[in-house]
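Colleague: I have a model open and would love a close look at one part of it. Could you walk me through how the strands pair, and then set that part in its surroundings?

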Amino acid sequence: MTDPYADRPAVHEQAVDGFGTVRVLPLDAKGDAEVIHGWVSQERAAFWGMNGLTRDDVAGIYAHMDTLDTHHAYLVVKDGVPAALLQTYEPEADRVSECYDVQPGDIGVHLLLAPAGEGGARGGWTAGLITVLAAYVLVTLGRQRVVVDPDVRNEKAIDRFLRQGFVAGPKVVLPEVNLPDVHLPEKHAQLAFLPRAVAFPA
C-alpha cells in the first residue's frame with residue numbers, strides 16, 4: 001500500500017520494535033479536515049468539544065491555530081495510516097495557567113486517538129503512540145514536563161495517562177474563554193503530569 005503521507009515532512013519520526021513507524025506531521029488545516037472532522041464528530045470524542053461542527057468549521061479552527069506561535073496541531077501517522085491528533089501548547093499562554101503553577105520547561109498536550117478500525121481494540125496501540133509522542137515533546141523539543149487536562153468525566157483518558165506514568169495533579173476548573181476567534185466553555189479537568197525524568201530515566 002502506498003503511503004499517502006510519505007511526501008509530507010515530519011517533525012518527528014520513530015520506529016518502535018513490534019509496533020511500527022510513527023511520524024508526527026504538522027497538521028494541514030484544510031487537507032486533513034476530512035479525517036479530523038470524522039474523528040471529532042463521533043460520540044466517543046464528545047469531550048474534545050467539536051461535536052456538531054461542520055468540516056469547514058473544523059478546518060477554520062485549525063487554520064486559526066496555525067497562526068499562533070503558542071499552540072500547534074499535528075497529525076500522527078502510523079505506518080501511513082492516521083492514528084491520532086496531537087495538539088501542543090505553551091501552558092503560560094493557555095487558560096490552564098490560571099489553575100496550576102507553571103514551571104519552566106512545561107508543555108501542554110491534548111491527544112485524540114483515532115477510532116479503532118474494523119478489528120476493534122488494538123493491544124499496545126495507546127502505549128506505543130504515547131511513547132513516541134512523549135519522545136517528541138520531551139526529547140526532540142527538549143521540554144521537562146508534560147501537562148494534560150482531560151475532562152474529569154473522561155475516565156478512559158485519565159486512566160490511559162496514569163497507566164503511561166503520568167502523575168495525577170489536582171482537579172481544577174478551567175475558566176471560560178470568550179474571544180472573537182475562540183470560545184471555550186468552562187471545563188472541569190483532572191490535571192496530570194509526566195516529568196522527563198520519569199518517562200526517560202537516565
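Modeller: Happy to; what follows goes along the strand pairings, and then turns to some single residues and to the whole chain.

Please keep in mind that this is a predicted model. The protein has five helices and 10 strands, and I would start with strand β5, which covers residues 106-113. Is β5 mostly covered or mostly open? It is mostly covered, for seven of its eight residues are buried.

β5 has a pairing with β4 and another with β6, so let us take them in turn. With β4 (81-89), β5 pairs in the antiparallel sense, over six bridges. One position to click on here is T88, whose bridge partner in β5 is V109. With strand β6, made of residues 145-148, the pairing of β5 is parallel and runs over three bridges. There you can find G108 standing opposite V147 in β6. As you step along these strands, a general point helps: in a regular strand the side chains alternate between the two faces of the sheet.

From β6 the path leads on to β10. These two strands pair in the antiparallel sense, over four bridges, and V148 has A192 in β10 as its bridge partner. Strand β10 takes in residues 187-195 and is mostly covered, with seven of its nine residues buried. β10 also pairs with strand β7, residues 167-174, again in the antiparallel sense, and six bridges join them. To see that pairing at one position, look at V172, whose bridge partner in β10 is A189.

Taken together, the pairings can be followed from β4 to β5, from β5 to β6, from β6 to β10 and from β10 to β7. Along this path, the β5 and β6 pairing is parallel, while β4 with β5 is antiparallel, as are β6 with β10 and β7 with β10.

Let us now look at the loop that lies between β3 (71-78) and β4. D79 is found in this loop. Its backbone has a positive phi of about 50°, although D79 is not a glycine. D79 counts as partly exposed because its relative accessibility is 41%, between the limits of 20% and 50%.

Another pairing involves β1 and β2. Strand β1 (residues 12-16) and strand β2 (residues 20-26) pair in the antiparallel sense over five bridges. They form a hairpin with three residues between them, and G18 in the turn has a positive phi of about 75°. Within the pairing, E13 stands opposite R23 in β2. R23 is also touched by A10, which has V24 and L25 among its contacts as well. A10 itself lies in the segment before β1 and is partly exposed, with a relative accessible area of 32%. For a sense of distance, A10 and D57 are 47 residues apart in sequence, and their C-alpha atoms are 25 Å apart in space.

After β2 comes the loop that leads to α1 (33-40), and A29 is found there. A29 is buried, because its relative accessible area of 17% is under the 20% limit. Leaving out residues up to four places away in sequence, A29 touches A59, Y62 and A63. The C-alpha atoms of A29 and H64 are separated by 8.8 Å, with their positions 35 residues apart along the chain.

It is worth coming back to β5 by way of a helix. T126 lies in helix α3, residues 125-140, and it touches L113 and R160, not counting residues up to four places away in sequence. L113 belongs to β5, whose residues are 106-113. T126 counts as buried, since its relative accessibility is 18%.

Finally, here is the whole chain around these strands. Buried residues make up 43% of the 202 residues. A compact globule with 202 residues would have a radius of gyration near 17 Å, and the 16 Å of this protein agrees with that. The C-alpha trace spans about 45 × 45 × 30 Å along its principal axes. Of the contacts between residues at least 6 apart in sequence, 59% join residues at least 24 apart. The protein exposes about 10,600 Å², and carbon and sulfur atoms supply 52% of that area. As for charge, there are 17 positive and 27 negative charges, and their mean positions are 6 Å apart.

Methods
Residues are numbered from 1 along each chain as its sequence is written. This is a predicted model: local features need pLDDT of at least 70, side-chain atom pairs count only at pLDDT 80 or more; totals for chains, interfaces and linings use all residues. Side-chain values use heavy atoms; hydrogens and water are left out. The radius of gyration is taken over C-alpha atoms; the globule rule is 2.2 Å times the number of residues to the power 0.38. Buried means under 20% relative accessible area, exposed over 50%, partly exposed in between (1.4 Å probe, protein chains only). Contact means heavy atoms within 4.5 Å. Accessible areas come from the Shrake-Rupley method with a 1.4 Å probe; for residues, only the protein chains shown count as cover. Lys and Arg count as positive and Asp and Glu as negative; His and the chain ends are not counted. The place of a charge is taken as NZ of Lys, CZ of Arg, CG of Asp or CD of Glu. Two strands pair if DSSP finds at least two bridges between them.
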